Amino acid sequence: MKNRVTGIGGLFFKTKDPNATKEWYKKHLGFNTDQWGCTFWWRDEEGNKCSTQWSPFPQDTKYYKPSKKDFMFNYRVENLVELLKVLKKEGVEVIGEIQEFEYGKFGYIMDNDGNKIELWEPVDSAFE
């Protein structure tokens with residue numbers, strides 16, 4: 001497999017009041033926030049438009065389960081289906097089934113510290 005992770009897809013974290021947090025970052029740090037948080041645009045080595053998502057979640061979110069942490073990393077991947085096959089063979093815990101949306105495919109694994117990791121094969125053009 002040529003590439004596994006190609007970049008950071010998103011930073012997700014729990015907060016008491018996601019809307020207040022988004023407003024604070026908008027006011028003080030200039031984040032262009034929306035209902036999901038903030039999308040940062042950049043270009044890869046080939047000049048393709050890429051995005052990284054920053055998203056505050058409510059304290060009681062179940063999205064990070066089975067992890068007990070207050071954060072979750074999302075990593076951009078080149079080929080989600082192939083990567084999950086390889087990781088499973090390597091003994092990595094794969095959680096659930098692949099989910100597909102217009103903006104990409106998502107899969108989930110657990111790291112050695114019990115952190116749920118979201119793997120994303122993006123379709124960045126869906127955000128334009």
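**Close-up 1. Cysteine 38 and its position opposite tryptophan 54 of strand S4.** In this predicted model, cysteine 38 faces tryptophan 54, a residue of S4, across the pairing of two strands. The strands concerned are S3, which covers residues 37-43, and S4, which covers residues 49-58, and they pair in the antiparallel sense over 6 bridges.

**Close-up 2. The open sheet of 8 strands and its edges.** The strands follow one another in the order S2-S3-S4-S1-S5-S8-S7-S6, and their pairing is mixed. Strand S2 (33-34) and strand S6 (94-101) stand at the edges, and because each has a single partner strand, one side of each is left without a neighbour in the sheet.

**Close-up 3. Helices H1 and H2 against the strands.** Helix H1, formed by residues 18-29, lies across strand S1 (5-15) and also across S2, S3 and S4, with its direction at about 130° to S4. Helix H2, formed by residues 80-89, packs on the sheet, where it touches strand S5 (71-77), S6, strand S7 (104-110) and strand S8 (116-122). The direction of H2 makes about 15° with that of S7.

**Close-up 4. A nonpolar surface patch made by Ile8, Leu11, Phe71 and Phe73.** The four side chains named in the title make a patch of about 320 Å², to which S1 and S5 each supply at least two residues. Isoleucine 8, one of the residues of this patch, has its place in strand S1. With a relative accessible area of 44%, isoleucine 8 is partly exposed, since that class lies between the limits of under 20% for buried and over 50% for exposed.

Key. Residues numbered from 1 in each chain as written. Predicted model: local features only at pLDDT ≥ 70, side-chain atom pairs only at ≥ 80, totals over all residues. Heavy atoms only, no water. Pairing = 2+ DSSP bridges. Helix = DSSP H or I, 4+ residues; strand = E, 2+ residues; numbered from the N terminus. Contact = heavy atoms within 4.5 Å. Axes fitted to C-alpha atoms, helices over the stretch in contact; angles between N-to-C directions. Patch = residues over 30% accessible without salt bridge, like charges linked within 9 Å, V, L, I, M, F, W, Y side chains within 5 Å. Areas by Shrake-Rupley, 256 points an atom, 1.4 Å probe, with all protein chains shown as cover. Buried < 20%, exposed > 50% of the residue type's maximum accessible area, 1.4 Å probe, protein only.
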